[in-house]
Amino acid sequence: MDKETRNAVERATQRGRKVLEDDFAAQLEGTYDVLRTGALARADGAHLSARQRRLRGTIVAAIEHKQAAGMKPPEAVADYLRDAAFTALNRFVALKMLEARELVQECISRGEQSSGYKEFCGMAPGVALLPEGAGYRLYIESLFDELSTEVKVLFDRRDAASALWPRRPAFEELLAVLNAPELARVWGEDETLGWVYQYFNAGEERRAMREASQAPRNSRELAVRNQFFTPRYVVEFLTDNTLGRLW
């Protein structure tokens with residue numbers, strides 16, 4: 001993968017992360033009474049549905065667990081937002097790559113016009129009538145559930161990081177980012193998922209950590225400062241000159 005293509009993947013990854021984190025933060029504050037400062041409402045708001053109350057319990061428990069591990073309240077909320085955005089972004093990237101390999105029917109490359117969703121609606125016509133894209137969400141979540149039987153760690157919706165789902169404007173913006181023409185050829189590349197994993201952490205964030213401290217101050221900094229994708233040619237060089245020579 002050449003530098004120009006990698007730069008396009010980096011831009012898309014950072015844009016996708018921002019879209020998701022901004023939307024999830026707005027949901028935490030506006031719906032679930034969880035502020036970026038770490039302040040949590042003591043009780044569920046009367047405006048929440050039964051399902052939202054369950055989700056809030058999951059979110060609050062995850063944030064409190066992070067605090068119990070030593071994070072300050074604002075750090076715990078920020079870390080939860082990163083977890084949620086990272087999980088969502090990687091799931092949709094994985095779907096794009098599965099589409100490219102024809103391992104799943106077209107599902108997100110044309111949004112609600114994707115052939116897989118149209119077939120889904122053909123089997124359950126009422127799905128398409130659900131408001132605010134709820135039917136399409138149901139379809140995507142059904143794919144996650146099916147895929148979780150094979151790749152549970154990524155697609156398991158019971159994970160606390162799965163409690164939030166992007167609202168329609170953010171979801172459509174995310175799809176536009178992933179479906180950009182400049183990325184069309186990357187989804188068939190084996191390296192793409194590795195670059196997305198690396199580029200989720202911005203270079204500026206990594207530099208700021210190094211300027212603040214010569215050594216990593218916590219497990220997150222240790223990961224961010226040392227997570228670099230190993231390109232195929234490096235892997236081949238190492239294996240050819242170690243295992244290959246032994247063989």
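A charge is said to sit over a ring when NZ of Lys or CZ of Arg is within 6 Å of the ring centre and also within 35 degrees of the ring normal. With that in mind, look at Arg-6, whose charged end sits over the ring of Trp-195 at 5.3 Å from the centre of that ring. A second case involves Arg-91, whose charged end sits over the ring of Phe-144, 5.3 Å from the ring centre.

Before going further, keep in mind that this is a predicted model, and that the predictor's confidence in each residue is expressed as pLDDT, from 0 to 100. Over the chain the pLDDT averages 90, and 90% of the residues score at least 70. Confidence is highest in helix 7, at a mean of 96, and lowest in helix 10, which covers residues 219-226 and has a mean of 62. Where pLDDT is low, the predicted coordinates should not be read in detail.

The aromatic rings are a good place to continue, and it helps to know that a pair of aromatic rings is described by the distance of the centres and the angle of the planes. The structure holds 14 aromatic pairs. One of them is formed by Tyr-117 and Tyr-139, whose rings are 5.6 Å apart from centre to centre, with 45 degrees between the planes, an arrangement counted as tilted. Because Tyr-117 belongs to helix 4 (residues 115-123) while Tyr-139 belongs to helix 5 (residues 134-148), this pair ties together parts of the chain that are 22 residues apart in sequence. Tyr-117 and Tyr-139 are both buried.

Another pair brings together Trp-165 and Phe-171, and since their ring centres are 5.6 Å apart and their planes stand at 45 degrees, this pair is tilted. Why does Trp-165 count as buried? Trp-165 has a relative accessible area of 13%, and buried means under 20%, so Trp-165 falls on the buried side of that limit. Phe-171 counts as buried too, because its relative accessibility is 7%.

Phe-171 deserves a longer look, as it is found in helix 7, which runs over residues 168-178. Setting aside its neighbours within four places in sequence, Phe-171 is in contact with Phe-92, Tyr-136, Trp-165 and Pro-166. By contrast, Ser-114 is 57 residues away from Phe-171 in sequence, and the C-alpha atoms of Phe-171 and Ser-114 are 15 Å apart in space. Phe-171 is also part of a cluster linked by ring pairs, which takes in Phe-92, Tyr-117, Phe-120, Tyr-136, Tyr-139, Phe-144, Phe-155 and Trp-165 as well. Phe-144, a member of this cluster, is the residue whose ring lies under the charged end of Arg-91.

From rings we can turn to charged side chains, among which the count comes to 18 salt bridges. In one of them, the side chains of Lys-66 and Asp-83 meet with an N to O distance of 2.7 Å. This pair links distant parts of the chain, with Lys-66 in helix 2 and Asp-83 in helix 3 (residues 73-100), 17 residues apart. Helix 2, where Lys-66 lies, covers residues 50-68. Lys-66 counts as buried because its relative accessibility is 14%, whereas Asp-83, at 30%, counts as partly exposed. Apart from residues up to four places away in sequence, Lys-66 touches Met-71, Ala-76, Asp-79, Tyr-80 and Asp-83.

Asp-145 forms a salt bridge with Arg-157, and the closest N and O atoms of the two are 2.8 Å apart. Since Asp-145 lies in helix 5 and Arg-157 in the loop between helix 6 (152-155) and helix 7, the pair ties together parts that are 12 residues apart in sequence. Asp-145 is partly exposed, with a relative accessible area of 35%, and Arg-157 counts as partly exposed at 33% relative accessibility.

Asp-156 and Arg-158 form a further salt bridge, in which the closest N and O atoms are 3.1 Å apart. Are the partners in this bridge buried or exposed? Asp-156 counts as buried, at 17% relative accessibility, while Arg-158 is exposed, with a relative accessible area of 64%. Salt bridges can also share partners, and in this way Lys-66, Asp-79, Arg-82 and Asp-83 are joined into one network.

Conventions. Residues are numbered from 1 along each chain as its sequence is written. This is a predicted model: local features need pLDDT of at least 70, side-chain atom pairs count only at pLDDT 80 or more; totals for chains, interfaces and linings use all residues. Side-chain values use heavy atoms; hydrogens and water are left out. Rings of Phe, Tyr and Trp (its six-membered ring) pair if their centres lie within 6.5 Å; planes under 30 degrees apart count as stacked, over 60 as edge-to-face and the rest as tilted. Helices (H or I, at least four residues) and strands (E, at least two) are DSSP runs, numbered from the N terminus. Buried means under 20% relative accessible area, exposed over 50%, partly exposed in between (1.4 Å probe, protein chains only). Contact means heavy atoms within 4.5 Å. A salt bridge is a side-chain nitrogen of Lys or Arg within 4 Å of a carboxyl oxygen of Asp or Glu.
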